[in-house]
Amino acid sequence: MAIKNKDNRNCHDVRVAALAAPPTIMDMARELRDGIGILNFLEGRNFLVTGATGFLAKVLIEKILRVSPNVGKIFLLIKAKDKQAAMDRVKDEIIGCELFKCLRQQYGEGYTNFMLSKLVPVNGDIRESNMGIGDDSFCQITQEVDVIINSAANTTLDERYDAALVANTIAPSRLLSFAKKCKKLSLFLHLSTTYVNGERPGILMEKAFEMGDSRIDSSTQGKLDVHHEINLASNLIETLPPNEVPQKLKEIGLARPRMYGWQNVYQMTKAMGEMMINADRGRVPVVIVRPSVIESTFQEPFPGWIQGYRVLDPLILSYGKGRLPGFLVNPDTVMDVVPADLVANVIIAAMAKHGIVASPGIDVYHAASSTVNPMTMCDMFDYSHDYFAASPLMDNQGDEIKIADMEYFSSIDSFSSYIQKDIAEKGGLSEEIGPNLNPKERSRLEARCKRMTENLIHLAKLYEPYMFYRARFDSWNTRKLMRQMSTEESNKFPMDLKSVNWEDYFANAHIPGLKRHVIKKPSSPRQDSI
């Protein structure tokens, strides 16, 4: 109903005039002082988190518990055979995780009780109807949850089409349907990736997908039909002989994205997941956060924490081990990297901003560095070279591994020829040594070198789209979010990627973190003291 003023006029014109007027100094000072209200929002709120044992979700959960001990319950959707198994996973993979050591130090003997008072394991599966949640948990969650955070995804770049569709396209839609049953819901937050933007060059904006959007000229290709893609995979499973299904679904997982302008099945199915959410959201408030390449923590709760190999790590560690002296990459390609703790802060700030208002709509935030603090692939390999030259890894005999400057190749053929020769020489099959080996030993070495060569060529083909990527990601909405935070909030939830010195980050946080948490090699005293 329109609001009337005393002159019986519709107040719309008055409101527009007020919005058009520039903010006064007092307005700006008040906003700077009050900020978004992040801590007030977190207090007492209940959350449902999917993908809860994943890398980013853990960083997010740790930050919420550390800054807001009076937060309500955090329901964690855990895939397990029963409730006890779900609880065991939470105790082992979250409560027992080194990432939470600051909380462990803070609460001492009461740490486990504190964590169990906040974290509620929920046995379920995001791929099933109603998340596979039992009746008791279903009733509790739908009555109590304020915010749903979808962090679950299948990130395999060459996954079978059906598996990627289920995890990245269908599951988010099912979770949104579940969200509509939650009585108190103020926000549905979906984690995606900046690379849903596909192959297009230029500056790519924080824009929500509409159903049927593709990444190519629509005049040269029919409109993308998400439901057709889902049916295509389903029909193949039903009609093909079982022994042919896996290979065929791998093949169309490669072909379909290229047909519509994406580089791999992960990008395309995540994009279609966004389309489904936007099409079906109704009056549910939705925020989509798109991080770029997430790597180890920058500062919080401590520098360098990481779980498993992330995107750049196979390259960095293979280079440090002397197994990857060259790669298929344009050295001038900007690699968009963002530390995990900064992504968590973007999520929390965006969640608070839109959760407080809780108005229907969809907002997109890029957590990305390429427009504000770009780093090239050449930079990354230079930082890695300097690190491993000063702190070399050891081979199986305990000798230091010597590395040379990275060599760059512009075609898969030139890289394949180079790496095959390099592996053969290092593997004992050089022209001088190879002919003198006995046939059995030579055959064994040839098989080993062949496997290593095939693995690296496969890695090069998989990574090629990223190694020659020509786009950068705009982050206007995220920078605006930063400006709306109070000074206290900016200090407590830093997200300014301009503050990251990439050389220092790789030398003193990321690579030492890889050694400590991934390959389990202790860092040198020099790094440990920093």
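## A tour from strand β4 outwards

Start by selecting V49 and I149: V49 stands opposite I149 in strand β4. (Strands here are DSSP E runs of at least two residues, helices are H or I runs of at least four, and both are numbered from the N terminus.) What you have open is a predicted model, in which local features need pLDDT of at least 70 and side-chain atom pairs count only at pLDDT 80 or more, while totals for chains, interfaces and linings use all residues. Residues are numbered from 1 along each chain as its sequence is written, and side-chain values use heavy atoms, with hydrogens and water left out.

**Stop 1: β4 and its partners**

Now show the whole of β4, residues 147-150. On one side, strand β1 (residues 47-50) runs parallel to β4, and four bridges join the two. Strand β5 (residues 187-191) also pairs with β4 in the parallel sense, again over four bridges; strands count as paired if DSSP finds at least two bridges between them. To see the register with β5, pick V147, which stands opposite L187.

How does the chain get from β4 to β5? Follow it through helix α9 (residues 161-179): this β-α-β crossover is right-handed, meaning that with the strands pointing away from you, the path from the first strand over the helix to the second runs clockwise.

Turn on the β4 side chains next. In a regular strand, side chains alternate between the two faces of the sheet. Here V147 and I149 point one way, I148 and N150 the other, and all of them are buried. (Buried is under 20% relative accessible area, exposed is over 50%, and partly exposed is in between, with a 1.4 Å probe and protein chains only.)

**Stop 2: M351 and the core**

Select M351. Which residues does M351 contact, leaving aside neighbours within four places in sequence? V147 and I149 from the last stop are on the list, and so are L187, L189, F41, L42, F47, I64 and I356; a contact is heavy atoms within 4.5 Å.

M351 is also one of the residues that touch the most other members of the largest nonpolar core, along with L76, M115, L119, F327, M335 and F506. That core holds 117 residues, a nonpolar core being a set of buried Ala, Val, Leu, Ile, Met, Phe, Trp, Tyr and Cys residues joined through side-chain atoms within 4.5 Å. Colour helix α14 (residues 340-357) too: with 11 residues, α14 gives the most to this core. Another core, of 25 residues, lies apart from it, and I141, L185, I277 and V284 are among its members.

**Stop 3: L176 on α9**

Back to the crossover helix: L176 lies in α9. With a relative accessible area of 1%, L176 is buried. Beyond its neighbours within four places, L176 is in contact with F188, I277, D280, R281 and V284, and I277 and V284 are the names you just met in the 25-residue core. Measure from L176 to N130 if you like: they are 46 residues apart in sequence, and their C-alpha atoms are 9.8 Å apart.

**Stop 4: K515**

Jump to helix α20 (residues 502-517), where K515 lies. Is K515 buried or exposed? K515 counts as buried, because its relative accessibility is 5%. Its side chain makes a polar contact of 3.3 Å with the side chain of Y387. (That is a pair of N or O atoms within 3.5 Å; within protein, one must be able to donate a hydrogen and the other to accept it, and residues adjacent in sequence count only if both atoms are side-chain atoms.)

**Stop 5: backbone oddities**

Most residues other than glycine have a negative phi, and most peptide bonds are trans. Three places to check against that:

- M131, in the loop between β3 (119-123) and α8 (135-144), has a positive phi of about 60 degrees without being a glycine. M131 is buried, at 0% relative accessibility.
- A358 sits in the loop between α14 and β11 (361-367), with a positive phi of about 55 degrees, and is not a glycine either. A358 is partly exposed, at 30% relative accessible area.
- E300 and P301 are joined by a cis peptide bond, with omega about -10 degrees. Look for P301 in the loop between β8 (293-295) and α13 (313-320).

**Last stop: zoom out**

Show the full chain. It has 21 helices and 13 strands, and 52% of its 530 residues are buried. Among contacts with a separation of 6 or more, 82% link residues 24 or more positions apart.
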